[in-house]
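User: I should like to understand how the terms used for this model are justified. Please set each value against its definition.

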Amino acid sequence: MSEHGRRQPRAFLSLLWQGLQLAFWHRPGNRVQLAGFAAFLASSVLALLAFAAQDYSSIEPPAEFYADGFHGHASYYLMLLVAAWLAVRVLHRPALWLTLASLATIIGIPWTAAGLLTGEWLHEAPVIQLRAWQVLLALAGFVALFRTVGFLARDTPAPRRLVATLCFVLALAVPWYWQQSSWFWASPEDESAPEQPVAGPVPPTAPAAPGFDAEAVMFRQPALLERSIESVAAQTPGRIELFGVGFAGDGSERVFRNEVEYFSGLMARRFGAPARTLSLVNSPGSLDRVPMATLTNLRAGLAGVAARMDTSEDIVVLFLTSHGSEDHHLYVAMDPLPLHQIRPGDLRSALDDAGLRWRVVIVSACFSGGFVDALRDSRTLVITAARADRSSFGCGSDSEISWFGRAFLAGALNRTIDFERAFDLAAHQIREWELEQGEKPSVPQIAAGAEIRQHLAKWRAYSEASHSSSEPSGTPSNRIVER
């Protein structure tokens, strides 16, 4: 081996040591050594190996390697080169381009690991606590980068070094966020992810022969609804309490009825709301005992539940599950009855007219992100199974529960009673299933008003002690894959 070939490994080890020192805010004593593209590639490979090893350690074996995760990392390292180029332009030190990119890659190894560990260690912590730790880690990483810029360009004025660091961080923020969810390992396909997900537009209607007396069914609705509302327990004075309303829109598939039944049980077991949940279900098997899921019953049901609450302090949790359409209608069907579809504005007016002040609204349907803007306000938390232009998965005549229902209801909410934290866990799990099945990401959505966040925190202060020891039970699947 030539002398130059022997120097390269030593030079990289020196660069690696400098990067690790700078990661923990220690200024290296030796001088700056300019790095080339080979050093940047070596740093990137080392960072990828470290991420893959940590990813592998965070799931239960066996695990399958997922090559698609490389795409997010490749985009990140490409943008890291761009960010470093911007920074050295600000510093007027173009020769430092690959050196800064290499050191930043090495610095990212321990700080990325710390960010991933924080999410795992604090999975039961309130969202505000998790966010506070993430902000602290981000600040610590920023300081490490600022000190790195100072090490490389120590004779450059401090304001210019600060601007260079800010340019670097701003250019890299979004790619870094994507990289954190670009996993390399996933649990092998099993019963926790359906083999043939069904998604997309509203399915064709069922055959016309209903097997029930449609006129008699509609005649019974007012009495059934009144009886169901009267069975909802009244509020306990002096306490913030949760009340649930479940809505299963499509009567041709049992998956939606299953989810509302599970939601009702979950409200009783995990959320201290026994006998405080109203179910509206379209299903041939429940027409004689459960009110139908119609827009009229939803309006009357929300108003009836509101009358059992102290609306100045109690919180309604509304869970709607059905098919969704690209023009953002929630599919409501109990063939051959002619039922109104539910638009975002219909849902907002039903909540407003009922006088419900504090709201958690969960819409499990394709294209359900189209409901977010209509429902968004400071006292509402909105969660949807998909973005406004994306399908969700797992419904169909052979399904017991949708992917969102499995991940959010049966999985995440059995681990935490914090709805925002549960959303984070469920979105992560759903993305893993989509990667396993090769599906286009559904991109679940969340919008949390400032006031409802504070109010839910007050409710959790009363509730978390009693719920922390609760055990999940009655899940529709045999096993939930959790990270």
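User: What makes the largest empty space a cavity, and what is its volume?

Analyst: In this predicted model, the largest cavity has a volume of about 80 Å³. The term cavity applies because a 1.4 Å probe fits there but cannot get out. Of its 13 lining residues, S322, S364, S392, C395 and S402 are the closest to the centre. Two or more residues of the lining come from each of α8 (254-270) and α12 (403-411).

User: How many cavities of 30 Å³ or more does the structure hold?

Analyst: The structure holds three. The second largest contains about 30 Å³ of space.

User: Why are A385, S392, F393, W403, F404, I430, E434 and S442 called the lining of the second largest cavity?

Analyst: A lining residue has an atom within 4 Å of a cavity point, and these residues are therefore listed as lining the second largest cavity. The elements that give two or more residues to this lining are α12 and α13 (419-437). By class, the lining divides into five nonpolar, two polar and one charged.

User: Which classes make up the lining of the largest cavity?

Analyst: That lining has seven nonpolar, five polar and one charged residues.

User: How do you know that the span of helix α2 is close to the expected one?

Analyst: Helix α2 (residues 37-57) has 21 residues and reaches 30 Å from its first C-alpha to its last. The expectation at 1.5 Å a residue is 30 Å, so the span is close to it.

User: What makes A39 of α2 buried?

Analyst: A39 is among the buried residues of α2, as are F40, L48, F51 and D55. Each is called buried because its relative accessible area is under 20%.

Terms used: Residues numbered from 1 in each chain as written. Predicted model: local features only at pLDDT ≥ 70, side-chain atom pairs only at ≥ 80, totals over all residues. Heavy atoms only, no water. 1 Å grid on protein atoms, 1.4 Å probe; cavity = no way out; pocket = protein on both sides within 12 Å on 5 of 7 lines; lining within 4 Å. Points joined across faces, edges and corners; volume = space filled by probe spheres on them. Helix = DSSP H or I, 4+ residues; strand = E, 2+ residues; numbered from the N terminus. Nonpolar A, V, L, I, M, F, W, Y, C, P; charged D, E, K, R; others polar. Buried < 20%, exposed > 50% of the residue type's maximum accessible area, 1.4 Å probe, protein only.
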